[in-house]
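Welcome! Here is a short tour for someone meeting this structure for the very first time.

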Amino acid sequence: MISHLPILQVIVPLMAAPICLLLKRSQLVWLFSLFASAIAFIISVLLLQQVMTSGVISYELGGWEAPWGIEYRIDKLNAFLLLIISAISTVVLIAAQTSIEKEIPKEKHTLFYILYLLSLTGMLGIVSTGDAFNVFVFLEISSLSAYALIALGQDRRALWASYQYLIMGTIGATFILIGIGLMYQMTGTLNMQDLSQRLPEVAQTRTVFTAFAFVIVGVCLKLALFPLHLWLPNAYAYAPSIVTAFFAATATKVAIYLLIRFTFTVFGLSFSFTTLPLQGLFLLLGLTGIFVASSAAIYQNNVKHVFAYSSIAQVGYIIVGLSTSTITGLTATLLHLFNHALMKSAIFLALGAVVYRLGNVQLSSFNGLGRQMPLTMAAIVIGGLSLIGVPLTVGFVSKWYLLTALLEKGWWPVAILILLGSLLAVIYVWRIVEAAYFKKPLADSVPVKEAPLFFLIPIWLLITANIYFGIDTRLSLQVASAAAQSLFGVSP
Amino acid sequence: MIIGLFNDWVVVVLMMIGLYIVIAHGNLIKKIVGLAIFQTSVFILYISMANVEGGSAPILAEGIKQFSNPLPHVLILTAIVVGVATTALGLALVVRIKEAYGSIEEEDIQHLDNKTQDETEIQATEGDQS
Amino acid sequence: MNFSIEVMLQLTIVIPLLTIVGIILANNRPNIREGITISASILLLFIVTSLYQSLLSGKNVNVFWWDIMPNLSISFSIEPLGMLFALIASFLWLITTFYAIGYMRSHQEENQTRFYSCFALAISAVMGIAFSDNLFTLFVFYEVLTLSTYPLVTHAGTEKAKQGGRVYLGILLSTSIAFFLLAIAGTWFITGTLDFKQGGIFNPDVDKAIAGALLVLFIFGIGKAAIMPFHRWLPAAMVAPTPVSALLHAVAVVKAGVFTILKVCVFIFGLDLLAILPTTQFLLYLAGASVLLASIVAMRQDNLKARLAYSTISQLGYITIGALLATSSGVIGSSMHIATHAFGKITLFFCAGAILVAAHKSKISEMRGLGRQMPLTMIAFFIGSLSIIGVPPTGGTWSKWFLLMGTIETEQWILMVVLMISSLLNIAYLLPIPFHAFFSNPLPEKHDASSSNHESVDLASNVDQSQVQIKEAPWPSLLAIGITTFGCLFLFIYPQPLFDLATAILASGQ
């Protein structure tokens with residue numbers, strides 16, 4: 001059993017999805033999905049433990065030896081990502097039933113859980129597989145179910161957002177497919193480990209350059225790197241709240257994982273960052289992304305839009321961390337993957353609770369909410385502080401590491417820009433705080449109660465994690481730096 | 001030289017046509033058609049990459065010494081399935097959009113969306129004043 | 001009480017936190033709630049004093065909580081400067097609580113539970129700052145202090161309060177994140193440690209340009225010290241209720257700022273390095289300009305609290321100058337000035353609040369002739385002013401004396417002149433207030449409500465009546481004023497313990 005864990009990680013949610021069809025009652029389906037996701041979470045914990053103690057796990061699918069067969073290869077990086085995805089998925093699912101009762105018509109509840117599980121399958125698959133083409137397949141599994149999930153949103157704009165996402169997402173995925181094809185053409189292999197060994201021989205050919213360009217652009221579309229981010233704000237704002245909470249924490253993270261995997265493992269550090277001008281490009285795009293998206297966030301009136309733009313800005317921080325191409329920088333990136341997932345899922349879940357009570361998340365409806373929904377609003381405030389990077393929250397830890405990485409490089413101006421960028425976060429977070437605590441409720445608004453328990457439990461679980469991992473960084477830091485070191489080929 | 005790369009040229013031309021349609025056309029159905037063409041170009045890229053000069057189809061039979069690489073064929077079968085699914089989902093979305101907005105022209109939809117956006121914002125500002 | 005010193009040290013931070021729980025539980029019973037606050041502050045004062053005793057007996061204490069990141073820990077220790085700060089803050093917390101009870105009740109403020117809880121949280125943060133063992137711990141509590149005082153600034157909930165709160169939070173958070181954090185990260189990167197150490201943690205052969213740049217970042221980043229051009233938050237924060245202005249913006253918050261500057265100058269850079277950095281001179285002149293400009297601006301303020309706010313900015317400049325002079329008399333003067341200014345300024349703010357509560361007046365021009373109705377308050381105001389100006393028989397004399405000595409020792413003649421002129425300006429903007437209160441007749445009455453400050457609008461609905469019946473402020477407030485005034489005088493007569501603490505700063509840990 002233990003030796004089959006890598007495949008079980010993906011199979012469990014995949015198999016659970018069709019079983020949902022058999023369970024008629026939506027309560028049952030919910031419990032079952034929660035159960036499946038929890039199992040995935042447990043598996044990921046076991047995998048992480050195994051990887052941290054005994055190194056890389058290689059699993060040959062169907063007994064076919066790599067590089068001919070498909071290999072599932074779990075190293076520290078994958079295991080870390082698997083943990084993030086399955087943990088967030090499980091926590092978010094706790095609130096799912098309560099939330100979708102208000103937001104999705106009853107007959108579509110089963111459908112929702114099936115899509116959710118498939119999307120989870122896709123993400124877990126992308127992360128665990130060691131085969132480049134397999135990545136594409138799982139990418140499409142998660143994307144297709146994501147389009148459908150977003151289209152389940154109440155507002156008709158959800159349909160339009162989903163359509164736009166579908167167009168952009170498919171272009172991105174197809175780009176990745178082209179890149180993989182060209183790589184195969186040059187090397188005759190699809191196994192990532194194999195690719196990384198064979199690519200250097202042919203590295204100086206135009207085909208490999210082209211392949212690299214296609215893969216990077218495709219992945220950047222998926223991770224909403226500025227200026228390829230246009231699909232994201234509406235998709236996040238109009239999707240059902242649960243979906244937003246799940247995706248905001250995981251979807252872009254998976255894309256960033258792909259970026260790291262392709263640049264560091266497959267193409268290799270020197271090719272990605274020295275031969276090609278990726279470093280300067282990432283730095284530039286990351287910084288512009290931080291400023292453009294944070295400024296855009298300030299002017300939004302839909303609070304989900306605010307945090308959607310903030311997600312784009314956070315991707316900017318992550319990319320800046322990558323662009324340093326040092327171990328510290330990569331550690332900062334990986335830490336921020338983890339930390340940002342914690343903050344954003346908490347914030348979006350809290351927004352889901354607001355939708356549950358109020359039906360919308362316009363900034364003006366937040367007026368006076370601090371009194372009516374104290375726990376939910378406190379969660380948003382703490383999440384927001386974490387986003388700003390106030391000490392004792394996770395946001396500070398990753399910011400500190402990013403700063404150290406930049407100073408290590410001697411990039412003082414960039415460090416200053418990063419800090420100035422986080423000041424913009426102060427502004428957009430504070431608009432919400434002011435509305436919630438210092439404005440009188442609208443004249444025509446009906447007083448509401450605190451969010452139901454099934455919202456509060458996952459929200460506060462995540463908020464506690466936000467603070468806990470901001471104070472006790474041992475776990476996240478240890479895994480992140482071990483993963484970063486192994487990507488650089490340094491044995492910890 | 002140019003003829004030797006005939007397949008590649010076809011791929012590039014189809015790809016450009018597809019992308020152009022996606023970007024330039026406002027009609028949602030046409031965009032999906034463009035997307036399908038774009039994807040098809042990639043299928044051709046894979047298939048032509050598999051071709052081995054003088055090789056036949058990859059069927060194990062007597063007398064066949066040289067055959068094309070079967071792996072890209074298999075891969076692209078998967079990709080075709082994915083492509084079909086994407087197209088189907090896209091079309092389904094278009095149907096829903098038509099029901100919700102009464103139009104499948106990008107301009108109309110943007111226009112309607114902007115209107116709702118303005119309305120909610122006006123409500124919000126009125127609410128603030130009251 | 002057989003607690004070990006370690007436990008007591010941690011209690012200083014934990015007790016205010018526990019108080020919050022009590023305050024919230026006693027939400028609807030004001031008497032119990034205030035009782036909890038008072039007993040907590042007495043307890044805190046008691047603990048801090050016994051810590052002071054143990055410091056005198058020369059015991060070294062180190063408390064380590066945990067590592068947030070490798071080599072970055074939350075840990076605490078006691079040293080004389082922090083002790084001084086903690087003593088002042090805990091003593092004045094007690095006094096301010098008395099004052100606040102009188103003020104908040106007679107002013108019928110809302111949300112008093114939130115007020116007292118945030119107040120206690122701020123005190124906990126101040127204790128954390130005072131006893132922090134490294135720059136990182138200090139930074140953490142510095143941010144907690146900023147955030148916990150924000151609800152106090154916006155307490156009134158009016159548009160003006162929100163505006164003030166925005167400026168307050170905006171400047172303090174931005175400077176701390178953009179400059180302070182960068183400076184800390186830079187220091188950590190260069191030296192590999194953030195521990196406070198006698199003589200500084202930089203190598204003597206560190207690149208002077210970089211260390212100089214870091215110093216600039218520190219001075220700008222510690223926005224709480226309100227060095228121009230980052231001083232706007234202090235006048236903006238004056239929209240807060242007077243007890244908040246009194247304790248936090250005259251004592252705890254700004255003093256946390258200059259305290260941090262002193263800590264950085266003495267224990268991060270070290271005086272020897274500080275003296276040879278290329279940017280020190282520039283920063284000295286900047287602080288000097290801050291002293292002069294703020295005094296000039298203060299003269300032009302008609303709102304009493306705003307005038308006091310600018311006066312605070314000016315006095316903070318003194319302390320910064322003292323720290324940057326990098327001589328022992330400078331540091332001694334600075335640390336003594338933290339104490340003497342705290343007593344002087346809190347007295348003035350208490351008086352301003354008392355006048356607001358009893359007479360509903362916030363404009364200086366309206367206070368002519370008030371000395372006859374509120375003689376005690378005005379006498380206290382007079383003594384507080386003397387202390388700020390620095391003339392006998394008040395404590396301010398000593399600290400200003402040492403600061404002047406510092407400028408003379410280092411031959412900073414320009415700064416010496418600046419300090420002298422500024423003291424003259426202090427006389428010009430502070431003394432006329434009690435003078436006119438006693439010896440002038442009230443201006444012809446203007447009864448329109450628009451002339452009175454917004455804070456008093458709702459209360460001064462019946463202006464005529466209140467004009468006639470002005471009495472002294474409620475007794476808890478008067479008592480508080482009396483104690484702090486006495487403090488000003490006491491520090492003149494018996495400055496020895498204060499002086500000993502201040503001299504011990506440079507001697508400690510050697």
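Two strands pair if DSSP finds at least two bridges between them. Helices (H or I, at least four residues) and strands (E, at least two) are DSSP runs, numbered from the N terminus. This is a predicted model, in which local features need pLDDT of at least 70, side-chain atom pairs count only at pLDDT 80 or more, and totals for chains, interfaces and linings use all residues. Residues are numbered from 1 along each chain as its sequence is written, while chains are lettered from A and ligands numbered from 1 in the order in which they are written.

Let us begin with chain C. Strand 1 (residues 62–69) and strand 2 of chain C pair in the antiparallel sense over 6 bridges. Trp66(C) has Ile74(C) of strand 2 as its bridge partner. The hairpin of these two strands has 2 residues between them, and Asn71(C) takes a positive phi near 70° there.

Side chains alternate along strand 2 (residues 72–77) of chain C. A residue is buried if 20 or more other C-beta atoms, placed from the backbone, lie within 10 Å of its own, exposed if 12 or fewer, and partly exposed in between.

| Face of strand 2 of chain C | Residues | Buried or not |
|---|---|---|
| one face | Leu72(C), Ile74(C), Phe76(C) | buried |
| the other | Ser73(C), Ser75(C), Ser77(C) | not buried |

Chain B has 4 helices and 0 strands, and buried residues make up 23% of its 130 residues.

Where chains A and B meet, 27 residues come from chain A and 31 residues from chain B, with contact meaning C-beta atoms, placed from the backbone, within 7 Å. On the chain A side, helix 6 of chain A gives the largest share, 13 residues.

Key
Two residues are in contact if their C-beta atoms, placed from the backbone, lie within 7 Å.
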